[in-house]
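Visitor: I would like to go through this model and hear the reasoning behind each label. Please keep it brisk.

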Amino acid sequence: MKGGRLSALFHSYLCGRIAAEWLIIMRSIGLLILALFYAVYIGKMILQSKKGIQTDQMAKGKENTKVFYIELIMKIATYSVVVVEILCLFFVSPQLPRIFMITGAILGFAGDILFAVSVITMKDSWRAGIAENDKTEMITGGIYSVSRNPAFLAFDCVYAGLLLMFFHWVLLVFSAFAMTMLHLQILQEEQFLLKEFGSEYRSYTNKVRRYLGRK
């Protein structure tokens, strides 16, 4: 009887130890996903600023317009969701089965890679927000030959990945809202690009899908 109780206690201790180590690993992976993603984002801004390029064009110089309000709300949403993600990483215990968490980690790293490739391919035409006063090129090669908005898709991958890793209803709401605002931003940018590049952009949209795939 005593031996069985000791065995049960040891098993309980062992399961608790494994669970604690799993949580540490998942938190570390989550932080790494965020760190890599925003290192690319901030790194690109720094490199462009040295060339006199203002990367962040969100809600700047477009006051009292539809573009301004959507970009402003999108900016607040994308900044806010990062705060909620970090809070969930530290204070939320995993609720979903481990296979979902592993899938989330893979999705998150895929988002990091996709974002880095998108930014690199865009070169100095990269902007955050609609650059109404900057002359940029229309990039259609590389990753942009299979997705018109790979960077936005990368954001969605990271949001979905972290949500699977540390699911919480608050994070679900913030992630869904941020993804909705990113989609509205895409629709605005499409109107701007059609006006800026005309038939060239229309031809591009007839070949490549908004998020992923060729037509």
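Here the labels are taken one by one, each with its value and its cut-off.

Visitor: What is the overall make-up of the chain?
Guide: The model is predicted. The chain has six helices and zero strands. In sequence order the pattern reads α-α-α-α-α-α. The C-alpha atoms fill a box of roughly 80 × 35 × 30 Å along the principal axes. Of the 215 residues, 42% count as buried.

Visitor: Why is the pair of Tyr38 and Tyr41 called tilted?
Guide: By the ring-pair rule there are eleven aromatic pairs. In one of them, Tyr38 and Tyr41 have ring centres 6.4 Å apart, and the limit for a pair is 6.5 Å. Their planes stand at 55°. Stacked needs under 30 degrees and edge-to-face over 60, so the label that remains is tilted.

Visitor: Where do Tyr38 and Tyr41 lie?
Guide: Both are in helix H1, residues 2-49. They are three residues apart, about one turn of the helix.

Visitor: How do you know that Tyr41 is buried?
Guide: Its relative accessible area is 12%. Buried means under 20%, so Tyr41 qualifies.

Visitor: What makes the pair of Phe115 and Trp126 edge-to-face?
Guide: The ring centres are 5.7 Å apart, and the planes meet at 85°. The cut-off is over 60 degrees, so this pair is edge-to-face.

Visitor: What does the pair of Phe115 and Trp126 tie together?
Guide: Phe115 belongs to helix H3 (residues 98-122). Trp126 is in the loop between H3 and helix H4 (150-165). The pair therefore joins parts that are eleven residues apart in sequence. Both Phe115 and Trp126 are buried.

Visitor: Which residues do ring pairs link into a cluster?
Guide: The cluster holds Phe37, Tyr38, Tyr41, Phe115, Trp126, Phe155 and Tyr159.

Visitor: How do you know that the charged end of Arg98 sits over the ring of Trp22?
Guide: The distance to the ring centre is 4.4 Å. The limit is 6 Å, so the distance test is met. The label also demands a position within 35 degrees of the ring normal, and Arg98 is listed as sitting over the ring.

Visitor: Why are H2 and H5 called roughly antiparallel?
Guide: The axes of helix H2 (residues 66-91) and helix H5 (residues 169-197) cross at roughly 150°. Angles over 145 count as roughly antiparallel, so H2 and H5 earn that label. The axes come within 8 Å, and the crossing is left-handed.

Visitor: How do the residues of the contact of H2 with H5 divide?
Guide: There are 16 nonpolar, five polar and three charged residues in that contact.

Note on methods:
Residues numbered from 1 in each chain as written. Predicted model: local features only at pLDDT ≥ 70, side-chain atom pairs only at ≥ 80, totals over all residues. Heavy atoms only, no water. Phe/Tyr/Trp six-rings, centres within 6.5 Å; stacked < 30°, edge-to-face > 60°. Helix = DSSP H or I, 4+ residues; strand = E, 2+ residues; numbered from the N terminus. Buried < 20%, exposed > 50% of the residue type's maximum accessible area, 1.4 Å probe, protein only. Axes fitted to C-alpha atoms, helices over the stretch in contact; angles between N-to-C directions. Parallel < 35°, antiparallel > 145°, perpendicular 65-115°, else oblique. Left-handed = near helix turned anticlockwise from the far one by under 90°. Nonpolar A, V, L, I, M, F, W, Y, C, P; charged D, E, K, R; others polar.
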